[in-house]
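The following exercises treat local geometry, helix packing and core composition in a protein model. Each task is followed by a solution in steps.

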Amino acid sequence: MLLERISSPQDVKDLDAADLPLLCSEIRRAILSSSASVGGHIGSNLGVVELTVALHRVFDSPTDKLVFDVSHQTYAHKMLTGRADNYLDAGRFGGLSGFTSPAESEHDLFSVGHTSTSVSLACGMAKARDLMGADYNVVAVIGDGSISGGLAFEGFDNLAELGTGVIVILNDNGWSIAENHGGIYRNLAELRESEGTAPNNFFRSLGLDYRFLANGNDEAAVERALLALRDIDHPVVLHLCTVKGSGYEPAEVDAEGWHHVGPFDIESGTYEMLRRSRCEKSETYADITGRHLLMRMAADERVVGISAATPYIMGFTKPRRDAAGSQFVDVGIAEEHAVTYAAGLARAGAKPVLGLYGVFMQRAYDQFWHDLCLNDLPAVILDFGSSVYGTSDATHLSFFDLALQGALPNLRCLVPTCREEYLAMLDWAIDQDSRPVVIRVPGNGVVSRSDSAFGVEVPDDFSLPRYDVVHEGSDVAVLALGSFFGLGESLCGALAAPADGGPAIDATLVNPRFATELDESALDDLARSHRVVVTLEDGVLEGGWGEKVARYLGPTGVRTLCYGVRKGFPDRFDVDELLAENGITLEAIISAIRVALS
């Protein structure tokens, strides 16, 4: 096997040209074999195999700088830079980050998992190169889906003025995660159909040099095109066309479905969507959301669903998008625009519901602050995946959202514990017209509180912050927010019947429901009848919800113990280990409560 003999890019350069089709075939087989076991980004990685081989034959990484946008397409790059064993040895499958990581290799320049960054990063590296009198190539690899992001536009605009040697490879496969959306894609289609000769050319309109290659899955053709650009002294865009999922028919036929999947059977092409929670029930909050919003859209033409290129997170599959028609809008990979667009819709009397991954909300922080909250506009933001049970790559940590939202005036963040609360909050948020509302969708699977030992009464009005005292005890109060409500239930049960024979404690259990505002009346009542308050939140401690509770209770003399995750960048963590490292186990919390009581 050729791939087993590749330990560095030099080994790729040393191969005969006649061996390259076999190498590409082996890379594809390795991508499929490893991903079938542990899941991964399939379509994007299969589509750039030939491009990656050509890059490492033409350029001299790490002297020449290869900057990959999003890094959804770097499996082949990792194989050719000394990490092939992680894709060939079943015992090492999943041992690498799914994204570029400087901690892994000198050939990975940045930890990157967010889109539209590569052109700006390349501009910075080229400027530094020129200032220091160095001489190396800077190459950015960006997909067509990524150029709908505002940062990509800014990067191209600055690149044109920078005027120095930067090669931008636009990998055009006709897809983002779902379909591409935005006016620029009409121009890309014109350029594809005319093989780069259309008079309208976005890149040339900026003053950039432009080249076109119709078959980006022909390694020899790509290599020739790159050789012609090596050591160029001005910015150039190489627009090459590839097939997403190239070489694997199921991924070619269903590009959206095969963007990112869980383990799958290679022969049959059946797969599961990656499950990020421990809940193995078939029902998901995505499906619940999609069904419910379609019902609301049918009843009210003002309801508009919005996605920033991830419609599946809010359950809008292709059939549901078709059913919603003009009441569902995918703005492309443009979170900033999505939030301000929602603000505009709300001002004009529509009822926007925007679904975002929590980890991408931070990209639109200014738009939340300035456009939505300053203007106090009633848009609804559904915050998906924000949990320690969510994605665990350092690039996609999603539990900073409450700390980010907590300082925003006028913003109400509702945190349901169950299906019933979620739907009640969603209906109230759509119907109200007084403020922006974020609903933090539970991250640990769908549960119904009708089955709860304590039970939960679900209100239909969330116009004032009101905590729900689910069980009233004394001495110790447990305030368990959202996804950690189940942990709160378990903690109260363990306090009432301690396994170690210690003293029993009848603790109060509270479902706070509100994360950016405090129910001061409820906290005053708790302070009068309890000596210890415990806050449990599925998020980062610093700047989070628990600190707000502790600050309010500080003058009362009540001991407040706050539990959450310390800020940092843990990478591909085990959830139980991360929780234990942060003292979030029943044994550790009970021990701390006993010390506080004594």
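**Exercise 1. A loop residue and its partners**

Leaving aside neighbours within four places in sequence, which residues is R230 in contact with?

Solution. The model is a predicted one, and the values below are computed from it. Step one is to place the residue: R230 sits in the loop between α11 (219-229) and β5. Step two is to list its partners beyond four places in sequence, which are V58, F59, N137 and I167. Step three takes one of these, N137, which is 93 residues from R230 along the chain, with 7.0 Å between the two C-alpha atoms. Step four concerns accessibility: R230 has a relative accessibility of 37%, and because partly exposed covers the values between 20% and 50%, R230 counts as partly exposed.

**Exercise 2. A strand residue**

Determine whether I142 is buried or exposed, and identify its contacts.

Solution. I142 belongs to strand β2 (residues 138-143). Its relative accessibility is 0%, and it therefore counts as buried. Apart from neighbours within four places in sequence, I142 is in contact with D69, S118, V119, I147, A152, V168, I169, L170 and N171. For A152, the separation is 10 residues in sequence and 9.0 Å in space, C-alpha to C-alpha.

**Exercise 3. Backbone exceptions**

Describe the positive phi angles of S71 and E195, and locate the cis peptide bond between S61 and P62.

Solution. First, S71 is not a glycine, yet its phi is positive, at about 65°. The residue lies in the loop between β1 and α5 (75-83). With a relative accessible area of 0%, S71 is buried.

Second, E195 is likewise not a glycine and has a positive phi of about 55°. E195 comes just after α9, in the loop between α9 and α10. Its relative accessibility is 53%, so E195 counts as exposed.

Third, the peptide bond joining S61 and P62 is cis, with omega about 10°. P62 is placed in the loop between α4 (49-58) and β1 (65-68).

**Exercise 4. The buried side of α9**

Which residues of helix α9 (residues 184-193) are buried, and which elements do they pack against?

Solution. The buried residues of α9 are I184, Y185, N187, L188, A189 and L191. The periodicity of a helix helps in reading such a list: an α-helix has 3.6 residues a turn, so residues three or four places apart point the same way. The packing partners of these buried residues are the helices α8 (150-162) and α10 (202-205), together with the strands β3 (167-172), β4 (209-213) and β5 (236-241).

**Exercise 5. Two helix pairs**

Characterise the packing of α2 (residues 20-38) with α4, and of α21 (residues 520-529) with α22 (residues 545-553).

Solution. Two packed helices are described by the angle between their axes and the distance between the axes.

For α2 and α4, the angle is about 125° and the axes are 10 Å apart. That makes α2 oblique to α4. The crossing of α2 past α4 is right-handed. On the α2 side the contact comprises L20, L23, C24, I27, R28 and I31, which meet V49, E50, V53 and R57 in α4. By class, the residues of this contact are seven nonpolar, no polar and three charged.

For α21 and α22, the axes come within 11 Å and cross at roughly 60°. The two helices are therefore oblique to each other. Here too, α21 passes α22 in a right-handed crossing. E520, L523, D524 and A527 of α21 make the contact with V549, Y552 and L553 of α22. The contact of α21 with α22 contains five nonpolar, no polar and two charged residues.

**Exercise 6. The largest nonpolar core**

Which members of the largest nonpolar core touch the most other members, and which elements give two or more residues to it?

Solution. The core has 44 residues, of which F368, Y467 and L479 touch the most other members. Elements that give two or more residues are β8 (303-307), α15 (335-347), β10 (351-357), α17 (365-373), β15 (475-480), α21 and α22. The largest share, six residues, comes from α15.

Y467 can then be examined on its own. Not counting residues up to four places away in sequence, Y467 touches L479, V510, N511, P512, F514, E517, L518, D519, A522, L523, W545 and V549. Another core, of 35 residues, lies apart from the largest one; among its members are A480, F484, L536 and L578.

Note on methods
Residues are numbered from 1 along each chain as its sequence is written. This is a predicted model: local features need pLDDT of at least 70, side-chain atom pairs count only at pLDDT 80 or more; totals for chains, interfaces and linings use all residues. Side-chain values use heavy atoms; hydrogens and water are left out. Axes are lines fitted to C-alpha atoms, for helices over the stretch in contact, and angles run from 0 to 180 degrees between N-to-C directions. Helices (H or I, at least four residues) and strands (E, at least two) are DSSP runs, numbered from the N terminus. Angles under 35 degrees count as roughly parallel, over 145 as roughly antiparallel, 65 to 115 as roughly perpendicular and the rest as oblique. A crossing is left-handed if the near helix is turned anticlockwise from the far one by less than a right angle, and right-handed if clockwise. Contact means heavy atoms within 4.5 Å. Ala, Val, Leu, Ile, Met, Phe, Trp, Tyr, Cys and Pro count as nonpolar, Asp, Glu, Lys and Arg as charged, and the others, Gly among them, as polar. Buried means under 20% relative accessible area, exposed over 50%, partly exposed in between (1.4 Å probe, protein chains only). A nonpolar core is a set of buried Ala, Val, Leu, Ile, Met, Phe, Trp, Tyr and Cys residues joined through side-chain atoms within 4.5 Å.
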